[in-house]
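Colleague: Could you take me through one helix in this model, slowly, and show me how it connects with the rest of the chain? I'd welcome the wider fold afterwards, too.

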Amino acid sequence: MAGSAPDRVRGGVAAQLGQRLGSTSLRVGTAVVWLSIIVLLPLAAIGWQAVGGGWQAFWLAISSHAALESFRVTLTISAGVTVLNLIFGLLIAWVLVRDDFPGKRLIDTIIDLPFALPTIVASLVMLALYGPNSPVGLHLQHTGWGVGVALAFVTLPFVVRAVQPVLLEIDRDAEEAAASLGAGGATIFTTIVLPALTPALLTGAGLAFSRAIGEFGSVVLIGGAVPGKTEVSSQWIRTLIENDDRTGAAAISIVLLSISFVVLFILRTVGSRAAKREEQAA
């Protein structure tokens, strides 16, 4: 005997729900497998190699004078470059979104050039511009300033591209209302625009900083790997590999990975809380 109409409806809904859950499980499973192959397994391998010689060898590798000096150079220059890119990245994003001028599309395209350009080419460009035969009279080879310029070049797009879409979505009515009430440009920016941009700025800063501390190609020629002066951690890793110290190289890599993860996690957490406060305030 056929079931009642409500039973048939419930059965149809249950079947559709089962199909959706099955489809969702398949997508999630595929994503996890791919993530494991591309990201998690390599990270596990480098972690295993880092502790392969024991914890004492790991500690000696990351606490040696050369390693500590490379960390100091890397973190100091990367932090300065990140702050610089926060300021100028926000300025460039603002100009591209809020202003109209000839060549705007060209500049918008150029912003993505560091993403597509091989980093060793960027180093060649920096060497041609700021090397011994500098056409502008600036000799930055084998200096921290040269490393900073190279890192600024490759990390600027992270801030610009993180801020641009958020700036496009900001409601201009609130700004116009504040202006009609007599608020100045600085007040409007700090009270209306900046809170909305804070999560995007933090995300861009985290990505830029993480890219900077692991960068190699763009600094290899302009920096010159001068110990204690321009030798960043990625170059010290290369030196360790060339000396057949793969365990030490893996240990330094783990430290850089840990720093990147912690910085990204903290900034994402702070950005999420800022976004929630902004939504509640709205």
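**A close look at helix α9**

Modeller: R211 is located in helix α9, so let's start there, keeping in mind that this is a predicted model. With a relative accessibility of 23%, R211 counts as partly exposed, because that value falls between the 20% limit for buried and the 50% limit for exposed. Its C-alpha atom is separated by 8.4 Å from that of S260, although the two residues are 49 apart along the chain. We'll come back to the region of S260 in a moment.

Now look at the helix as a whole. α9 has 29 residues, yet its end C-alpha atoms are only 36 Å apart, while a straight helix would reach 42 Å at 1.5 Å a residue. Where does α9 bend? There is a kink of about 55° at L194, shortly before the proline P195. The UniProt record, an unreviewed entry, lists residues 181–202 among its transmembrane regions. That span is 82% helix and 0% strand, and its end C-alpha atoms lie 30 Å apart.

Next come the aromatic contacts. How many aromatic pairs does the structure hold? There are four of them. One of these joins W94 and F189: the ring centres are 5.9 Å apart and the planes stand at 70°, which is over the 60-degree limit, so the pair is edge-to-face. This contact links distant parts of the chain, with W94 in helix α3 (residues 65–98) and F189 in helix α9 (residues 185–213), 95 residues apart. Buried or exposed, or in between: how do the two partners score? W94 is partly exposed at 24% relative accessibility, and F189 is partly exposed, also at 24%. W94 has a further partner as well: the charged end of R98 sits over its ring, 4.5 Å from the ring centre.

Another aromatic pair takes us back towards S260. F261 and F265 are stacked, with 6.2 Å from centre to centre and 15° between the planes. These two phenylalanines share helix α12 (residues 246–281) and are four residues apart, about one turn of the helix. An α-helix has 3.6 residues a turn, so residues three or four places apart point the same way. Both F261 and F265 are exposed.

There is one more long-range approach worth a look. W48, in helix α1 (residues 5–50), is 204 residues from I252 in sequence, but their C-alpha atoms are 13 Å apart in space. W48 itself is exposed, at 69% relative accessibility.

Two loop residues deserve a glance before we zoom out. H142 is not a glycine, and yet its phi is positive, at about 65°. H142 sits in the loop between α6 (119–130) and α7 (144–169) and is partly exposed, with a relative accessible area of 36%. A225 is another non-glycine with a positive phi, here about 55°. This alanine belongs to the loop between α10 (220–223) and α11 (233–242). A225 counts as buried because its relative accessible area is 19%, under the 20% limit.

Finally, the wider fold you asked about. What secondary structure makes up the chain? It comes to twelve helices and zero strands, and read along the sequence the pattern is α-α-α-α-α-α-α-α-α-α-α-α. The radius of gyration is 25 Å, well over the 19 Å that the globule rule gives for 282 residues, so the chain is more spread out than a compact globule. Along the principal axes, the C-alpha trace spans about 85 × 60 × 30 Å. Of the 282 residues, 34% count as buried.

As for the record, the unreviewed UniProt entry annotates residues 71–267 as "domain: ABC transmembrane type-1". In the model, that stretch is 77% helix and 0% strand, and its end C-alpha atoms lie 21 Å apart. Another of the transmembrane regions listed in the entry covers residues 142–160; that span is 89% helix and 0% strand, with its end C-alpha atoms 28 Å apart.

To return to your helix: α9 carries a kink at L194, its F189 pairs with W94 of α3, and the C-alpha atom of its R211 lies 8.4 Å from that of S260.

Definitions and conventions: Residues are numbered from 1 along each chain as its sequence is written. This is a predicted model: local features need pLDDT of at least 70, side-chain atom pairs count only at pLDDT 80 or more; totals for chains, interfaces and linings use all residues. Side-chain values use heavy atoms; hydrogens and water are left out. UniProt positions are given in the numbering used here, feature names are shortened, and annotations may be inferred rather than shown by experiment. Rings of Phe, Tyr and Trp (its six-membered ring) pair if their centres lie within 6.5 Å; planes under 30 degrees apart count as stacked, over 60 as edge-to-face and the rest as tilted. Buried means under 20% relative accessible area, exposed over 50%, partly exposed in between (1.4 Å probe, protein chains only). A charge sits over a ring if NZ of Lys or CZ of Arg is within 6 Å of the ring centre and within 35 degrees of the ring normal. The expected span of a helix is 1.5 Å times one less than its number of residues. The bend at a residue is the angle between axes fitted to the seven residues ending there and the seven starting there. The radius of gyration is taken over C-alpha atoms; the globule rule is 2.2 Å times the number of residues to the power 0.38.
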